[in-house]
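Colleague: I have this predicted model open, and I would like a close look at a single part of it. Could you pick one element and walk me through its surroundings?

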Amino acid sequence: MRCDVIHLPHDANLIKSFYLCHTESFKPFADMIIFNTTYHADNARKDEFIGWLKESYIPAVLEHGLLQEPQLTRIFADNEEGTSLSLQFKSPDTQALERWHEECGEALLAEMQKRFGDQVLGFSTLLEVIDL
């Protein structure tokens, strides 16, 4: 079985769930994976959440060293209750992403959940870069 793009819940089983969908024969088209997390933040906590991403989350991810090139974007959507954001990092492969998740990602997710509770929700998607 082969999955090129997988939508997963943003929880502790993120990477493990991804691997359940792949076999050993999976060969990426390119040597780059984009780890995208889409967040929805309540308007009351939006600015605090963006600040936390910029000041704490992104620096911690980069300091760990396995994920690179962060990009934070706002998603255009008509929603009076909150703001949707996309945060992307590049990973050389799924093994590096799994290692980052175990060594760093789980702790950052727990910190985010403790700080923002259900006022910030997210889900992650793994994207495979295909050379053009």
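Modeller: Happy to: what follows is a walk along helix 2 and then out to the parts around it.

Let me set the scene first, keeping in mind that this is a predicted model. The protein chain has three helices and five strands, and from the N terminus on they run β-α-β-α-β-β-α-β. Of the 132 residues in the protein chain, buried residues make up 42%. If you look at contacts with a separation of 6 or more, 77% of them come from residues 24 or more positions apart.

Now to the helix itself. Helix 2 covers residues 46–64. Its length is a handy check: at 1.5 Å a residue, its 19 residues should span 27 Å, and the end C-alpha atoms are 26 Å apart, which agrees. Helix 2 nevertheless has a bend of about 40 degrees, located at Leu53. Just after the helix, Gly65 takes a positive phi of about 100 degrees.

Which residues of helix 2 are buried? They are Phe49, Ile50, Gly51, Trp52, Leu53, Tyr57, Ile58 and Val61. As a general point, an α-helix has 3.6 residues a turn, so residues three or four places apart point the same way. The cover over the buried residues of helix 2 includes strand 2, strand 3, strand 4, helix 3 and strand 5.

Leu53 deserves a stop of its own, as the bend in helix 2 is placed there. With a relative accessible area of 0%, Leu53 falls under the 20% limit and therefore counts as buried. Leaving aside neighbours within four places in sequence, Leu53 is in contact with Ile58, Pro59, Leu72 and Leu87. Take Leu87 from that list: Leu53 and Leu87 are 34 residues apart in sequence, while their C-alpha atoms are 9.1 Å apart in space.

From there we can step into the core. In soluble globular proteins, nonpolar side chains tend to be buried together. Here the largest nonpolar core has 26 residues, and those with the most contacts inside it are Phe49, Tyr57, Trp100 and Met112. The elements that give two or more residues to this core are strand 2 (33–42), helix 2 (46–64), strand 4 (82–91), helix 3 (94–116) and strand 5 (120–128). Helix 3 gives the most, with eight residues. Phe49 and Tyr57, both named among the residues with the most contacts in the core, also appear in the list of buried residues of helix 2.

The start of helix 2 brings in charged side chains. Side chains of opposite charge can pair when their charged atoms come close. The model has five salt bridges. In one of them, Lys46 pairs with Asp47, and the closest N and O atoms are 3.8 Å apart. Lys46 is partly exposed at 25% relative accessibility, whereas Asp47 is exposed at 59%.

Glu48 makes a salt bridge to Arg115, at 3.4 Å from N to O. This pair links distant parts of the chain, as Glu48 is in helix 2 and Arg115 is in helix 3, 67 residues apart. Both ends are partly exposed: Glu48 has 33% relative accessibility, and Arg115 has a relative accessible area of 40%.

For a salt bridge outside helix 2, look at the strands. The side chains of Glu69 and Lys90 meet at 3.2 Å, N to O. Glu69 lies in strand 3 (residues 68–74) and Lys90 in strand 4, so this pair ties together parts that are 21 residues apart in sequence. Glu69 counts as partly exposed at 48% relative accessibility, and Lys90 does too at 29%. Back at the helix, salt bridges that share partners join Arg45, Glu48 and Arg115 into one network.

One last visit, to strand 4, which is among the elements covering helix 2. Ser86 sits in this strand and is buried, at 8% relative accessibility. The side chain of Ser86 makes a polar contact of 2.4 Å with that of Asn36. Not counting residues up to four places away in sequence, Ser86 touches Asn36, Thr37, Thr38, Gln71, Leu72, Thr73 and Ile75. Leu72 is a nice place to close the loop, since Leu72 is in the contact list of Ser86 and also in that of Leu53.

Key: Residues are numbered from 1 along each chain as its sequence is written. This is a predicted model: local features need pLDDT of at least 70, side-chain atom pairs count only at pLDDT 80 or more; totals for chains, interfaces and linings use all residues. Side-chain values use heavy atoms; hydrogens and water are left out. A nonpolar core is a set of buried Ala, Val, Leu, Ile, Met, Phe, Trp, Tyr and Cys residues joined through side-chain atoms within 4.5 Å. Buried means under 20% relative accessible area, exposed over 50%, partly exposed in between (1.4 Å probe, protein chains only). Helices (H or I, at least four residues) and strands (E, at least two) are DSSP runs, numbered from the N terminus. Contact means heavy atoms within 4.5 Å. A salt bridge is a side-chain nitrogen of Lys or Arg within 4 Å of a carboxyl oxygen of Asp or Glu. A polar contact is a pair of N or O atoms within 3.5 Å; within protein, one must be able to donate a hydrogen and the other to accept it, and residues adjacent in sequence count only if both atoms are side-chain atoms. The expected span of a helix is 1.5 Å times one less than its number of residues. The bend at a residue is the angle between axes fitted to the seven residues ending there and the seven starting there.
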